[in-house]
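Let's go through this one by asking how each label is earned. Here is the structure to look at first.

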Amino acid sequence: MAKASFPSHRFFVGIAIFFFVFTPFALALESGNFFAQGREWTNGLVIVYFMGLVCLVSQPLRWLMVHMVWLSYLGELLFCELLHWYSYRTTGIPLYVPFGHALVYATGYILAQQPVFIWQERSIREIFIVLFSSAFLGVGLFFKDYFTLVLGLLFFLLLRRKRWQNLYFFIAVCVIFIELVGTYFQCWTWKPNVWGLPTCNPPIGAVFLYAGGDVLLAKIVQKVNKINV
C-alpha cells in the first residue's frame, strides 16, 4: 500500500490524538442523553471532521478515506441490516457512521506512518502481537466470547498474509476504542449471540472486519488508479 508523506509529523500526531478526544464527545451527543437533536449534531460534526481531514492529508490517504465511506456503508448494510450482528440506537444506519469508519481508518494510518513507530517497527509489532493475543484469549476464556476467538484467529491469519504490517494493529486500536465508547453510550449494541457463538458487547474481535475491509479497500483503490492512468 502506498504511504502518505506528511508535511509535519507533529501536526498529524495532534490530529490523531484529537480523534481520541472527539469520539467520546460526538458519541455522547449521539446517545440522546443530553438533548433530542444529538444525532443531528453528531452527523454534522463527524462530516465536518471528515471533510477537514480530507483536505489536510496527502492524495493516497485522501483517496482511501473517500472510498472507505461507500465501502463501509456496504459493510453496514451487510452486517447490521442483513446479518443483524448489531443494531443502532434507532432504526437504520446513522449518517455519521460511514464517515466515522473513514476517520477510524485515517487515524490508524496516520499513527502507523509516524517516524518513531517506523523506527521501532519490529519491537512495536512484537508488543502488539502479545497484547492482542492476550486480549482475544482473555475475553474468550473469561467472558465466553467465542465469537472474538474466531475473529481474532482470522485477524492474525490475515496479518500473517499481509506480513504483519503495524498499520492493521494501529487501526485495530482505534476500532477497539470506538467500539468501547459507542457501546458504553448505547449508540449501538451487539447481539449476545452471533451465528450461534456467544459474544460480548462489543466483541473486540470485530477488528478483523476492519482489517478485512482495509485489504478490500486497498485492492479497489489500486484498480481505480489503474483505470485513471
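Helices here are DSSP runs of H or I with at least four residues, strands are runs of E with at least two, and both are numbered from the N terminus. By that rule, Glu179 sits in helix α8 (residues 166-184). This is a predicted model, where local features need pLDDT of at least 70, side-chain atom pairs count only at pLDDT 80 or more, and totals for chains, interfaces and linings use all residues. Residues are numbered from 1 along each chain as its sequence is written, and side-chain values use heavy atoms, with hydrogens and water left out.

Q: Why is Glu30 called buried?
A: Buried means under 20% relative accessible area, exposed over 50%, and partly exposed in between (1.4 Å probe, protein chains only). Glu30 has 0% relative accessibility, so it counts as buried.

Q: What makes Arg89 partly exposed?
A: Its relative accessibility is 36%, so Arg89 falls in the partly exposed class.

Q: How do you know that Arg89 forms a salt bridge with Glu30?
A: A salt bridge needs a side-chain nitrogen of Lys or Arg within 4 Å of a carboxyl oxygen of Asp or Glu. The closest N and O atoms of Arg89 and Glu30 are 3.7 Å apart, and that fits the cut-off of within 4 Å. This pair links distant parts of the chain: Arg89 is in the loop between β1 (86-88) and α4, Glu30 is in helix α1, and they are 59 residues apart. Glu30 also meets Arg39 in a salt bridge, at 2.4 Å from N to O.

Q: What about Arg125 and Glu121: why are they about one helical turn apart?
A: They are four residues apart in helix α6 (residues 121-142), so about one helical turn separates them. They form a salt bridge too, with the closest N and O atoms 3.0 Å apart. Arg125 counts as buried because its relative accessibility is 17%, while Glu121, at 35%, counts as partly exposed.

Q: How do you know that the span of helix α4 agrees with what it should be?
A: The expected span is 1.5 Å times one less than the number of residues. For the 17 residues of α4 (residues 96-112) that should give 24 Å, and the end C-alpha atoms are 24 Å apart, so the two agree.

Q: What makes α4 mostly covered?
A: Of its 17 residues, 17 are buried.

Q: Which residues outside its close sequence neighbours does Glu179 contact?
A: Contact means heavy atoms within 4.5 Å. Leaving aside neighbours within four places in sequence, Glu179 is in contact with Trp188, Trp190, Pro202 and Tyr210.
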